[in-house]
Amino acid sequence: IKQKKRHMGDTKHFCPVSLKEHFVLHPGLQEHAAKYKENIYYFSTSEYRDKFLKNPEEYVAHNEPIQAPPLRVCLLGTHGAGKTTCARQIADKLGIFHIQFEEYLQELILPKTRKKVGPQFDEEHEEDVNKIPILSEELEDFSQIKTETEKSKQEEVFTDEEEAIKANLMDSKELPPEVLDNIVPDWWKKEPFRSTGFILDGFPRTVDEAKYLSERGLCPDVTVYIQVEDSDILDRLFPPRLKKWKDKQQKKKEYKKKLKDLKAKMRV
């Protein structure tokens, strides 16, 4: 027996209410289907189905087809897999924004921290402190500047949100949903990201963050996971880090020599 072919609505298997109100392609479910003018529409929730049925003309196409949102991509992979390099190339080719998640977090707290935070940056700032002048008068000035800098750091007050972001960057502590609510939805709902699209590099990173996107109805159109052999990552990351370590040891050696010469001059 031939079954009658179903005529799907303008948004096909995507929820028309999610598309209209949030500009998101959210897959609809068969249990939340409804029929209007001989067409079948699927909805992401029963609430959205009821909302559609109250005023269907608001969510269907009229003089022209319904506009689909721009491309939104989540790019995942382990550290050193080459996510950022690939994301930049894809963004340039497609004309969409490239959002590097950790870099974005750094920019949010940079006005108060005045420097990037995290294990990889702490070493660099430690090296900067070790670059002291070799004259005793300059040494005293340096000491005074250092004290003033430490005082200004102590006086700086961070909000709860900024503290959470700082803890995430320094100790990889997960950001709570209330902090993510002030960051992530803007890329789907606000300009210029809303009409241009983006490739999000490095988010979500955990199962809870993936659930967060799902619960908020923030669906990427494509999620790409870059899988790289451990040996390839080691070959890529180890040489520059080894060089950095050697340079650091050399600077420490030079610093100790300058300090020794300075003490010798002060005795004379």
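## Close-up views of a predicted model

**Figure 1. A turn in the chain at glutamate 38 and lysine 37.** Glutamate 38 is exposed, because its relative accessibility of 53% is over the 50% cut-off. Keep in mind as you look around that this is a predicted model. Glutamate 38 sits in the loop between S1 and S2, and its phi is near 65°, a positive value in a residue that is not glycine. Which other residue belongs to the loop between strand S1 (29-36) and strand S2 (39-43)? Lysine 37 does. Lysine 37 is not a glycine either, yet has a positive phi of about 50°. With a relative accessible area of 60%, lysine 37 is also exposed.

**Figure 2. A salt bridge between helix H1 and helix H2.** This view centres on glutamate 21 and lysine 51, which form a salt bridge with their closest N and O atoms 2.9 Å apart. The pair ties together distant parts of the chain: glutamate 21 belongs to helix H1 (residues 16-22) and lysine 51 to helix H2 (residues 46-54), with their positions 30 residues apart. Are these two side chains buried or exposed? Neither quite fits: glutamate 21 is partly exposed, at a relative accessible area of 32%, and lysine 51 is partly exposed too, at 37%.

**Figure 3. Arginine 49 pairs with aspartate 50.** The side chains of these two residues meet in a salt bridge, at 3.7 Å from N to O. Aspartate 50 is partly exposed, with 39% relative accessibility. Arginine 49 has a relative accessible area of 21% and counts as partly exposed because the buried class holds values under 20%.

**Figure 4. Lysine 116 reaches glutamate 103.** How far apart are the closest N and O atoms in this salt bridge? They lie 2.7 Å from each other. Here, too, the pair links distant parts of the chain: lysine 116 is in the loop between helix H4 (101-113) and helix H5 (119-129), while glutamate 103 is in helix H4, 13 residues away. Lysine 116 is partly exposed at 29% relative accessibility, and glutamate 103 is partly exposed at 31%.

**Figure 5. A salt-bridge network of three residues.** Asp181, Glu215 and Arg216 are joined to one another in a network of salt bridges. For the wider picture, the structure holds 12 salt bridges.

**Figure 6. A nonpolar patch on the surface.** Which residues make up this patch of about 350 Å²? Take a look at Leu71, Ile90, Leu94, Val222 and Val224. Helix H3 (83-94) and strand S6 (222-226) each contribute at least two of the patch residues. Isoleucine 90 is one of the patch members and is found in helix H3. Isoleucine 90 is partly exposed, with a relative accessibility of 32%.

**Figure 7. Inside the largest pocket.** About 1500 Å³ of space lies in this pocket. Its lining has 49 residues, and those closest to the centre are His79, Lys83, Gln100, Glu102 and Gln120. Strand S3 (72-77), H3, strand S4 (97-100), H4, H5, helix H7 (160-171) and helix H12 (230-267) each supply at least two lining residues. Which element gives the largest share of the lining? H12 does, with seven residues. Sorted by class, the lining has 19 charged, 16 polar and 14 nonpolar residues.

**Figure 8. The second largest pocket.** The volume of this pocket is about 250 Å³. Fifteen residues line the pocket, and Lys20, Glu58, Val60, Ile66 and Gln67 lie nearest its centre. H1 gives the most to this lining, with three residues. By class, the lining has eight nonpolar, four charged and three polar residues.

**Figure 9. Two cis peptide bonds, each leading into a proline.** Where can you find proline 192? Look in the loop between helix H9 (185-189) and helix H10 (193-196). The peptide bond from glutamate 191 to proline 192 is cis, with omega near 5°. Proline 204 has its place in the loop between strand S5 (198-201) and helix H11 (207-215). The bond from phenylalanine 203 to proline 204 is cis as well, with omega near 0°.

Key
Residues are numbered from 1 along each chain as its sequence is written. This is a predicted model: local features need pLDDT of at least 70, side-chain atom pairs count only at pLDDT 80 or more; totals for chains, interfaces and linings use all residues. Side-chain values use heavy atoms; hydrogens and water are left out. Patches are made of residues with over 30% relative accessible area and no salt bridge: like charges are joined within 9 Å, nonpolar side chains (Val, Leu, Ile, Met, Phe, Trp, Tyr) within 5 Å. Accessible areas come from the Shrake-Rupley method with a 1.4 Å probe; for residues, only the protein chains shown count as cover. A salt bridge is a side-chain nitrogen of Lys or Arg within 4 Å of a carboxyl oxygen of Asp or Glu. Helices (H or I, at least four residues) and strands (E, at least two) are DSSP runs, numbered from the N terminus. Buried means under 20% relative accessible area, exposed over 50%, partly exposed in between (1.4 Å probe, protein chains only). On a 1 Å grid over the protein atoms alone, a cavity is a set of points where a 1.4 Å probe fits but cannot get out, and a pocket is an open set with protein on both sides within 12 Å along at least five of seven lines; lining residues have an atom within 4 Å of a point. Grid points are joined across faces, edges and corners, and a volume is the space filled by probe spheres set on the points. Ala, Val, Leu, Ile, Met, Phe, Trp, Tyr, Cys and Pro count as nonpolar, Asp, Glu, Lys and Arg as charged, and the others, Gly among them, as polar.
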